[in-house]
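Work through the following exercises with the sequence and the model side by side, trying each task before reading its solution.

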Amino acid sequence: MQKIVMKENFEQGWIRMFTHLANLFFEQSKIVAEDEEGAIQANLTLERTADGQLVGNAILKWDGEEYSAKFSEIEETDDEKVITRQLKRIYSHVFLETLEQATGMHQSWGILTGIRPMKLYHKYRREGHTSEEAQQLLMERHRLSSEKSELLAKIANVQLRTVPDLHELKNEVSIYIGIPFCPTKCAYCTFPAYAIHRKNGRVESFLDGLHDEIREMGKWLTERDMTITTIYFGGGTPTSIEAEEMDALYETMYASFPNMDKVREITVEAGRPDTITPAKIDVLKKWGIDRISVNPQSYTDETLKAIGRHHTVQETVDKFWLSRNMGMKNINMDLIIGLPNEGMDEFKHSLAETEKMQPESLTVHTLSFKRASEMTRNKDKYKVANRETVEQMMKLGEEWNAANGYEPYYLYRQKNILGNLENVGYAKPGEESIYNIIIMEEVQTIIGVGCGASSKFIDPETGKITQFYNPKDPAAYILTYEDSIVKKLAHLDAIFPETVRKA
C-alpha cells in the first residue's frame, strides 16, 4: 500500500480521482492527510492569472527526490460544472506527470481512467474540431500518447463507415437479452453467469419470466411503432439452454417486437464451444441468425483448465468449423491477453491458431481483475504476465490484426486492467458488430431484458443517461421481473412521451 500525503482539503470525489490515478502506478494506494514514513508528499496548487489562465502546479517528494509539473489552460466558461471538470483535468494532468517522473512509468492513456475514451474523441469531432485537432486535444489536455490518439481516430472512421447515422439513432432503441447460464463459471468472470442445472425448475421458470418480459416490452414498442436497431443475446452463454428453448424464445421475439424487418443485426453469444450443437445451429439458421461468437480465450489447454473453462482447444476448433460449415457467416472470437501462466509464446500460438480459421471479427481483451471474480479473491493462485509483457502482447495483437486484414472498430477499458491497457474489437471490413459500437458510444437507449440485464435509458433531447438493472440471480429475477417491467416502462415513457413519428 503506497500512501500519498495531500494536505489540501479536497472533497471525496477528488480524492477518488487522485486514487484512481495513483493506482495506475501502484498496486494499491491511499490518499492521507498526515505524514507517514515512506509516504509520497504531494503538494497541488492552482492559480488564476490576470489573462484568464488556470495554472496548475504539482510538487511531489519521494525517497529524497523532488519532482514538479505545471500545466495551464484558458478558463473555459463561468458554468460551475464545466469549471469543475476543467479543474479536475488540470490537477490530474500535473499529478500524473509528477508520478510518471517519480516512477519512470509512462501512461499511454494519460489521465483517462474511464472505460469509454472513444466518446471523448467523438465529442471533440462533434464540436467541430478536425480529426487532427481532436487528436491534439487528447494529447495536450489529457496526456494521451500519439499512438492512442491515432487509434481512437482510426476506430471512429471505421465506426462512421459502418454506422453513418451513428449520432442520429436517438429515436431508435436496441435490445439486450440476458440469459444467465453457463456450463461453468470462469475464474475471471463477474457477468451474471450460473452453472446450468435442471434442478427445481430454475431454468424453466426463468425462461417463463423472460418470455413475459419480451412480450410486455414488445407491446410498448409496438404502440410507439419504434424501430429496433440491433438485438443482442448475451449472458452467461445464451446457447446454454436447449435448442427447443432457443427456438421458442426467438419465436416470441419475432411475434412481439415490431418492425423486425428493419432490425440491422441480431447477435447470439455462443461463446462457450461446449454449448454449440448442430441442433442449436439449425435453430439459429431457421430464424435467420448467422452472427455468433465462438470464444477460445486461449489455445492452451492448461490455461483453459486453470480458468475454469471445461472445454478443450480442439473443441473450440471443431465447433468453429461446425458453425462455419453449417452456414454461420459472421463468427466472432475472443482472446484474452495476460491469462495465468501465459506469455508471448502462448499468445503467439493463439494468434497462429486463429489465423487458420480467419473469423470475421476478433476481440482482443486484456485481463482485468474484477472485484468479485474468483481470480481477484485468490490472486496468489494465479500468476499473470507483467506490464511490459502485456504491452508487447497487445502490440503483437495489433500487428497480427493489421497483417490479416482486420481493422479496429470499438474499444473500451476497465478498472484494474493489466498494464493499464484496453480491450479492442477488430473486424474484417463490413463485418463489424453494430451493437458493440452503439453500446460503447452510448448513442441510444438499450433496453435490457432477462437476468442481470442492464437497461440504459438515454433522453433523446438532453442526452441524460439513466441506468436500471434487472436482478442477477435467477431466483430473484423470477420473483421480481414483473416489478422490473413496470419500472422500465416508466423510464421509457419519460424519455419517449409521444409516438415517434417516422420521417
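**Exercise 1: an open sheet and its helices**

Task: describe the sheet whose strands follow the order β2-β1-β3-β4-β5, and place the helices that lie across it.

Solution. Begin with the strand order: five strands form an open sheet, β2-β1-β3-β4-β5, with mixed pairing, where two strands count as paired if DSSP finds at least two bridges between them. At the edges stand β2 (29-32) and β5 (65-74), each of which has a single partner strand, so one side of each is left without a neighbour in the sheet. From one strand to the next, the twist averages 20 degrees. Strands here are DSSP runs of E with at least two residues and helices are runs of H or I with at least four, numbered from the N terminus.

The model is predicted, so local features need pLDDT of at least 70 and side-chain atom pairs count only at pLDDT 80 or more, whereas totals for chains, interfaces and linings use all residues. Residues are numbered from 1 along each chain as its sequence is written, and side-chain values use heavy atoms, with hydrogens and water left out.

Next, take the pair at one edge: β4 (residues 53-62) runs antiparallel to β5 and is joined to it by 10 bridges, with Leu60 standing opposite Tyr67 in β5.

Finally, add the helices. Helix α1 (residues 12-22) lies across β1 (2-5), β2 and β3 (40-48), at about 145 degrees to β2, while helix α2 (residues 80-103) lies across β1, β3, β4 and β5, at about 150 degrees to β5. These angles run from 0 to 180 degrees between N-to-C directions, along axes fitted to C-alpha atoms, for helices over the stretch in contact; contact means heavy atoms within 4.5 Å.

**Exercise 2: an enclosed strand**

Task: determine how strand β15 is covered and which strands pair with it.

Solution. Five of the five residues of β15 (residues 423-427) are buried (under 20% relative accessible area with a 1.4 Å probe, protein chains only; exposed is over 50%, partly exposed in between), so β15 is largely enclosed by the rest of the structure. Sorting these residues by face puts Asn423, Gly425 and Ala427 on one side and Val424 and Tyr426 on the other. Strand β13 (residues 361-366) pairs with β15 in the antiparallel sense over four bridges, and Val364 stands opposite Val424. Strand β14 (residues 407-412) is also antiparallel to β15, over five bridges, and Tyr410 stands opposite Gly425.

**Exercise 3: a buried arginine**

Task: locate Arg143 and describe its surroundings.

Solution. Arg143 is found in the loop between α4 (131-142) and α5 (146-162), and its relative accessible area of 18% makes it buried. Not counting residues up to four places away in sequence, Arg143 touches residues including His93, Trp109 and Leu138. Its side chain also makes a polar contact of 3.4 Å with that of Glu97; such a contact is a pair of N or O atoms within 3.5 Å, and within protein one must be able to donate a hydrogen and the other to accept it, while residues adjacent in sequence count only if both atoms are side-chain atoms.

**Exercise 4: a kinked helix**

Task: trace helix α15 from its start.

Solution. At the start of α15, a side-chain oxygen of Asp473 reaches to within 3.0 Å of the backbone nitrogen of Ala475. Further along, α15 (residues 474-495) has a kink of about 60 degrees centred on Thr480, the bend at a residue being the angle between axes fitted to the seven residues ending there and the seven starting there. Among the buried residues of α15 are Tyr477, Tyr481 and Leu492.
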